[in-house]
Amino acid sequence: MKVIVDEDSCKGHGICTTLCPEVFTLNDYGYAEAVAEDVPEDLREAVLTAKDACPEWAIKIAGETEG
């Protein structure tokens with residue numbers, strides 16, 4: 001699983017970093033970025049929870065289609 005944070009959509013709420021700090025961090029400007037190139041399977045649920053909790057819908061999963 002590859003995670004992408006849309007830098008144009010992220011507003012820096014930091015919810016993702018709280019829910020899954022192993023994958024997300026805030027950069028020097030206060031916006032989220034994914035620090036794991038490939039997410040380990042044991043963090044999959046945490047990443048999906050962070051994705052669903054993002055108020056800006058800025059977290060995307062590579063290969064997933066939007067519906």
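Is M1 buried, partly exposed or exposed, and what is its relative accessible area? The first legend takes up this residue.

**View 1. M1 and its surroundings in the predicted model.** M1 is partly exposed, with a relative accessible area of 26%. The value falls between the 20% under which a residue counts as buried and the 50% over which it counts as exposed, so M1 belongs to neither of those classes. In the chain, M1 sits in the segment that precedes strand 1 (3-5). Its contacts, with neighbours within four places in sequence set aside, are E37, D38, V39, R44, V47, L48 and I61.

**View 2. The pair M1 and R44.** These two residues lie 43 residues apart along the chain, and 7.7 Å separates their C-alpha atoms. R44 is also one of the residues in contact with M1.

**View 3. The cysteines C10 and C16.** The structure holds 0 disulfides. For C10, the nearest cysteine sulfur is that of C16, at 6.4 Å. C16 in turn has the sulfur of C10 as its nearest, 6.4 Å away. A disulfide requires two cysteine sulfur atoms within 2.5 Å, and therefore the separation of 6.4 Å leaves C10 in no disulfide. C16 is likewise in no disulfide.

**View 4. Burial of the two cysteine residues.** C10 has a relative accessible area of 9% and is buried. C16 is buried as well, with a value of 7%. Both residues are placed in this class because their values are under 20%. Across the protein chain, buried residues make up 30% of the 67 residues.

**View 5. Elements and overall dimensions of the protein chain.** The chain has 2 helices and 4 strands, which follow the order β-α-β-β-α-β from the N terminus on. The C-alpha trace spans about 30 × 25 × 20 Å along its principal axes. A compact globule with 67 residues would have a radius of gyration near 11 Å, and the 11 Å of the protein chain agrees with this. Among contacts with a separation of 6 or more, 53% come from residues 24 or more positions apart.

**View 6. Surface and charges of the protein chain.** The chain exposes about 4,400 Å², and carbon and sulfur atoms supply 47% of that area. There are 5 positive and 15 negative charges, and the mean positions of the two sets are 5 Å apart.

Key:
Residues numbered from 1 in each chain as written. Predicted model: local features only at pLDDT ≥ 70, side-chain atom pairs only at ≥ 80, totals over all residues. Heavy atoms only, no water. Buried < 20%, exposed > 50% of the residue type's maximum accessible area, 1.4 Å probe, protein only. Rg over C-alpha atoms; globule rule 2.2 N^0.38 Å. Contact = heavy atoms within 4.5 Å. Areas by Shrake-Rupley, 256 points an atom, 1.4 Å probe, with all protein chains shown as cover. Lys, Arg positive; Asp, Glu negative; His and termini not counted. Charge placed at Lys NZ, Arg CZ, Asp CG, Glu CD.
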